[in-house]
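I opened a fresh page for this protein and wrote down what I looked up, step by step. Here are my notes, in the order I made them.

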Amino acid sequence: MVDHSMQSSPRNSRRWLFGLLVLLVIAGLCWKFWPTGAPHPEAPAGRTGKTGMARPGFGGSTGPVPVRVAPAVLGEFPVYYKALGTVTALNTINVRSRVGGELVKIAFEEGQMVKAGDLLAEIDPRSYQNALLQAQGTLMQNQAQLKNAQVDVERYRGLYAQDSIAKQTLDTAEALVLQYQGTVKTNQGAVDDAKLNLEFTKIRAPITGRVGLRQLDVGNLVAANDTTALAVITQTQPISVAFTLPENSLETVLARYHAGNKLPVEAWDRGDAKRQATGVLQSLDNQIDVTTGTLKFKARFDNKDQALFPNQFVNVHLLADTLHNVVLAPSAAIQFGNAGTFVYKLDGDKKVKVQPLVVGDSDGDNTVIKQGLVAGDRVVLEGTDRLKDGSEVEVVNDSSQVPTTPTEHLQGKPAAKGETGADAGKAQKVGS
């Protein structure tokens with residue numbers, strides 16, 4: 001018998017070799033006819049095709065890397081601490097009636113600004129007018145009795161001088177005068193109290209501020225010192241913002257505060273995109289919260305444009321310090337590696353080198369360079385992903401060619417989110 005398995009094995013081997021040969025031919029054709037661009041004069045031999053360009057996957061282009069550079073500059077750097085703050089009214093008053101009765105008049109509009117002493121509402125005054133009349137009538141009666149007793153005392157003194165009456169009679173008349181004098185004073189107090197109650201029927205604003213939504217309508221019966229307030233008035237000019245800072249950020253702030261310096265504070269909206277008001281640091285708490293390790297502060301704002309509302313959340317920017325004559329570099333140029341922080345600094349006009357740095361505060365756009373750069377050094381902003389120490393570069397945009405002073409350089413840069421105009425270039429430390 002013939003072993004068919006032995007006959008098919010050489011045949012399968014030939015098929016496998018033929019297929020491998022076809023694949024090698026196809027690969028060779030792809031190598032030869034791979035589409036490439038224009039040749040580069042400095043491309044090394046042996047790694048390019050007929051056109052002289054390196055093929056993808058075989059090392060890439062070895063020509064100069066196009067980069068954009070900017071200079072390090074010397075200037076001032078404001079250091080800001082950031083925190084989340086809550087707008088707090090300096091005074092909040094719950095307006096209640098001090099007498100009872102029917103509410104007959106509402107004299108304010110909801111949300112209206114009122115001044116201290118302005119009429120807000122009125123209670124029915126008729127019963128209090130009647131009480132005042134009764135008190136005044138009683139006072140007049142006792143005043144008449146007092147006057148009659150005083151006349152009797154003068155008469156008894158004359159008779160006593162003539163030895164016509166006993167001394168006891170004169171003493172009794174004088175005591176009666178004192179009694180009526182006390183009664184008159186009591187009556188006068190009742191009159192004044194009745195006048196005060198009548199005045200309380202007109203409810204007036206105790207402070208200057210904004211009135212909230214009213215809680216009672218005309219026709220309601222109001223009790224004295226009722227738990228339901230007629231309205232709430234909040235003082236919004238000036239207004240304060242409460243915020244906290246961590247204890248590791250307190251040294252600079254407390255040193256300047258205790259020295260009597262007025263530390264500027266800015267209030268920004270929830271998105272930290274628009275500055276709403278500018279004020280000064282006013283006060284601080286007397287102890288650190290042990291649960292959070294923070295200290296409470298309050299800043300005061302004039303709030304003339306009513307941009308801040310009580311209980312509003314804002315982002316607080318506290319100017320803690322200003323660094324003078326420091327080297328500033330664009331934050332986009334700062335790189336981070338295993339060896340630490342560094343930049344690619346231009347070494348001449350065609351090459352770059354890795355320059356280690358010691359950095360300080362940053363605002364997102366600019367970073368303080370404590371060590372590693374001097375004013376005028378050019379650093380790479382864009383194109384860093386293809387660079388290494390000693391790489392050849394081609395500068396396609398050099399902002400150092402624009403003749404600006406260090407201050408103009410900071411003011412002319414694009415503002416980061418949350419910064420406009422002169423606010424660009426401010427540093428910030430997160431304090432919350």
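**Getting my bearings**

I started by going through the secondary structure, and the protein comes to 5 helices and 23 strands. A note to self before going on: this is a predicted model.

Next I looked up how much of the chain is tucked away. Buried residues make up 34% of the 432 residues. For the outside, I got an accessible surface of about 25700 Å², and 53% of that belongs to carbon and sulfur atoms.

Then I checked contacts along the sequence. I took the contacts with a separation of 6 or more, and 75% of them are between residues 24 or more positions apart.

**Strand 11 and its partners**

I picked strand 11, which covers residues 239-246. Is this strand largely enclosed or left open? I found that 6 of its 8 residues are buried, so the rest of the structure largely encloses strand 11.

I wanted to know what pairs with strand 11. One partner is strand 2, which pairs with strand 11 in the antiparallel sense over 4 bridges. I jotted down a residue pair here: V87 stands opposite V241 of strand 11.

Strand 14 (residues 294-301) is a partner too, joined to strand 11 by 8 bridges, and these two strands run antiparallel. In this case I noted I239, whose bridge partner in strand 14 is F301.

A reminder from class that I scribbled in the margin: in a regular strand, side chains alternate between the two faces of the sheet.

**A four-stranded sheet**

I then moved on to an open sheet of 4 strands. Its order is 7-6-4-9, and the pairing is antiparallel. Which strands stand at the edges? They are strand 7 (202-204) and strand 9 (221-222); each has a single partner strand, so one side of each has no neighbour in the sheet.

Inside this sheet I looked at strand 4 (residues 101-106) and strand 6 (residues 119-123), which run antiparallel and are joined by 3 bridges. L103 has I123 in strand 6 as its bridge partner.

**Salt bridges**

Last topic of the day was charge. Side chains of opposite charge can pair when their charged atoms come close. I counted up the salt bridges in the structure and the total is 12.

I went to K82 and D272 and found a salt bridge, with the closest N and O atoms 2.4 Å apart. What does this pair tie together? K82 is in strand 2 (residues 73-89), while D272 is in the loop between strand 12 (264-268) and strand 13 (275-284), so the salt bridge ties together parts that are 190 residues apart in sequence. I also checked burial for this pair, and both K82 and D272 are buried.

R126 and D124 form another salt bridge, with 2.8 Å between the closest N and O atoms. Are the two buried or exposed? R126 has 56% relative accessibility, so R126 counts as exposed. D124 is buried, at a relative accessible area of 17%.

I looked at D217 and R214 as well, whose side chains meet in a salt bridge at 2.9 Å, N to O. D217 counts as partly exposed because its relative accessibility is 42%. R214 counts as partly exposed too, at 36%.

My final entry is a group instead of a pair: E154, R157 and E174 are linked in a network of salt bridges.

Definitions and conventions. Residues are numbered from 1 along each chain as its sequence is written. This is a predicted model: local features need pLDDT of at least 70, side-chain atom pairs count only at pLDDT 80 or more; totals for chains, interfaces and linings use all residues. Side-chain values use heavy atoms; hydrogens and water are left out. A salt bridge is a side-chain nitrogen of Lys or Arg within 4 Å of a carboxyl oxygen of Asp or Glu. Buried means under 20% relative accessible area, exposed over 50%, partly exposed in between (1.4 Å probe, protein chains only). Two strands pair if DSSP finds at least two bridges between them. Contact means heavy atoms within 4.5 Å. Accessible areas come from the Shrake-Rupley method with a 1.4 Å probe; for residues, only the protein chains shown count as cover.
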